[in-house]
Amino acid sequence: MRHVKTGLHTFMAFPAFLLFALFFLWPLAQGIGMSLTDWDGIRAPSFVGLQNFFSFFKDSRALGDIKTTLLFTLGSAPLLNLVGLGYALLMDGEFHGKGLARVIIYLPAIISPLIMGYIWYFLLQPDRGFVSQAMMQWGFSRGLGDWMNEYWLEMLVLILVNVWQYAGMTMVIYLAGLQGIPQELYESAKMDGAGYSSRFRYVTLPLLIPSIRINVVTNIIGSLSVFDIIMSLTDGGPGYATESLGIYIMRMCYGSKTGYSTAVAMIMFFIILVPVVISMRLTQERE
Amino acid sequence: MNTRIFKLFTILAIACLLLAGCASTSGDANASQAPKTVKLKLFTGKIETIDIINDVINEFNASQNRIVVEQEYQKDASNIIKIKFASGQVPDIMTTYEQGFVDEGKFLDLSDRSEWWDRLLPSMKESCTDVKSGKQYRVCTNMTMAGFFYNKEIFSELGLKTATTWDEFTSNLKAIKESKPDVTPWFIFGKEAWHLGHLIEFIPHGYIKQSLGAVEAKKAMLANDKAKLNFGAPDGAMATFAKNMLELKELGYINSNVLTATSDNCVQDFVSGKAAMLSNGMWVLSSLLEANPEMESKIGFAPYPAYMPGSKPVVLSAEDSGYSISASTENKAEAIEFLNFLFNAENQKKYSEGAKAPSAFKDVSAQWAPAAVVAEVETALKDAVNIGFTNEKPAGFSGDDMGRMVQDLLAGKHTPESYAAEYEKTWDGGMQ
């Protein structure tokens, strides 16, 4: 009887496995094969072994892109979590207009990041943007200044716009986690004389670990594969100064280096995998 | 037992679905006797001509019942076409063209279509000719020009004449800067890398094309003939261009927000009299006139001034709106029939006037721009060396990449010498 059930389960899983193999395993295998060739998207490919992988680490533009991508992630992922958690704690309380406030915070997340980037560019454009013009009206003669010529300022703007857009999404996950915490735990902690900070540290945080894990992992993946916000705000420039690895892959692919760009995509897969596994392990231990 | 019956039913159901999918849809015996309709795909990246081409397509589709043409527009057409070729979903007719595809035999040889070539201007036929094989794989129906657009009113007020040398050019910019401090002498929209790439295309590449001649320049670029191209020389065309651009920036003759300004900013400043000059192609004309119709009488057009010893002013006069047929299409005759319809004089007149680009056909007379602008363009073409686009660039070094190098230059990351050396290195890298 047990054998029959196992057979049925395996059989029922077959369609899902077929789809997984067709849309994930097969493209992955093809991608690995392509990354070992010099395919330019036009001519027949030739096998070049690991040459594409070695070339990547010799390319100063690619290394600069790794730096930009990592900096963006280091700024963006923690901030998204902090701001999202802050919003969630606020929205978990009772006050008038809570529903509207939640909608306003979440709204940017449903707008296309490309459109969002263009809107922010028109707001923040040095000299001509709305913010610069308003600042000039208020007596700041340089407005926002030429932030697009300063690498650190450009990175800061990119991170802040990203946080502004996705903090609502992070908030929703934290909010669900907060609402799943039994009130009895807070009440017994109160009876034991725990203040707000102690309740947050010993009740809220430990029970939010599953939400923290989801948010940390998704924000790391999202930040490391950043593409659209940078494309629309700075176009990766000036030059290649703020180009991310995702944009680099796209440009290489369309720049007749299809085999090479696939190799970079494989490298990017591992760049994303390492911090994700580390954060999964850390949160698992806490849990 | 139940499990076995369930498995059997599932397998039968899947088999039925698969067989149903494979079945012919022509169950009706009469349907197989109806005339077969051929569907043609026209693939384009030219947003400005979508409506005009759709009008022509609708007329063509209504004129007969054998062929149905559909237009597909993609913003990033030159890249999307690579995916289409790679996936075997090649359109029958396309406006995208790349040397690599020519070399791979992806386009139909159109050299024997004398009914088209006899009508085309000789210079345009030459532009459509593949340097390597001497054959034609595309027909360009229009021409486009690029140079300096200038505000005639400002020039006239300050008593300036269009420059033929770089010294005269900088004198003009200086006069504008000193007399009209609120006016940007030359507005460059450098956030858009393609625009800066065009400056390379028209100024230093323009010098190479005029000094070697159009065909020899193409051959030198295809073969990466370093002795002729001389990109990295500290006193060569690239380094001199870089030095001149840095000087203009230093002197404040170009806009201070050069790296963040967009095309829209440039159009707005030019039509409102806040910018005296801009470099662009004829495609900007409709935006200028739309933004301010009163500019019609104020728009002047001039060639790029000579900037190297012994050189002459240049102006871009290149092929535009090129149509190729896929070598693998099963509908060659139908594709040619549609192009014959599209290329007739009446449709080309409409196209030329709609696209604001002069026709490449000798028998098409179109009012493609206001008469005053046409006169300016004709004078520029007569007075300067006419150059074409560089289609022979390395596949891995696009016009966008060239523009990004100019962004780096203007951001202060290069000296003229290091810029020239880097340019040569990147060009060589793109060849691999």
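## The makeup of chain A

Follow chain A along its sequence and you get the pattern α-α-α-α-α-α-α-α-α-α-α-α-α. Put another way, chain A has 13 helices and zero strands. Keep in mind as you look around that this is a predicted model.

## How chain A fills space

So how spread out is chain A? Its radius of gyration comes to 24 Å, while the globule rule gives 19 Å for 287 residues, so chain A is more spread out than a compact globule. If you'd rather think in box dimensions, the C-alpha trace of chain A spans about 80 × 75 × 30 Å along its principal axes.

As for the inside, 34% of the 287 residues in chain A are buried. There's also plenty to say about who touches whom: take the contacts in chain A between residues at least 6 apart in sequence, and 69% of them join residues at least 24 apart.

## A helix pair in chain B

Now hop over to chain B and find helix 10 (residues 204–212) and helix 11 (residues 214–223). Their axes come within 6 Å and cross at roughly 120 degrees, which makes helix 10 of chain B oblique to helix 11 of chain B. The crossing of helix 10 of chain B past helix 11 of chain B is right-handed.

Which residues meet here? From helix 10 of chain B come B:Ile208, B:Lys209 and B:Leu212, and they meet B:Ala214, B:Glu216, B:Ala217 and B:Ala220 of helix 11 of chain B. Sorted by character, the residues of this contact are five nonpolar, two charged and no polar.

Technical notes: Residues are numbered from 1 along each chain as its sequence is written. Chains are lettered from A and ligands numbered from 1 in the order in which they are written. This is a predicted model: local features need pLDDT of at least 70, side-chain atom pairs count only at pLDDT 80 or more; totals for chains, interfaces and linings use all residues. Axes are lines fitted to C-alpha atoms, for helices over the stretch in contact, and angles run from 0 to 180 degrees between N-to-C directions. Helices (H or I, at least four residues) and strands (E, at least two) are DSSP runs, numbered from the N terminus. Angles under 35 degrees count as roughly parallel, over 145 as roughly antiparallel, 65 to 115 as roughly perpendicular and the rest as oblique. A crossing is left-handed if the near helix is turned anticlockwise from the far one by less than a right angle, and right-handed if clockwise. Two residues are in contact if their C-beta atoms, placed from the backbone, lie within 7 Å. Ala, Val, Leu, Ile, Met, Phe, Trp, Tyr, Cys and Pro count as nonpolar, Asp, Glu, Lys and Arg as charged, and the others, Gly among them, as polar. The radius of gyration is taken over C-alpha atoms; the globule rule is 2.2 Å times the number of residues to the power 0.38. A residue is buried if 20 or more other C-beta atoms lie within 10 Å of its own, exposed if 12 or fewer, and partly exposed in between; C-beta atoms are placed from the backbone.
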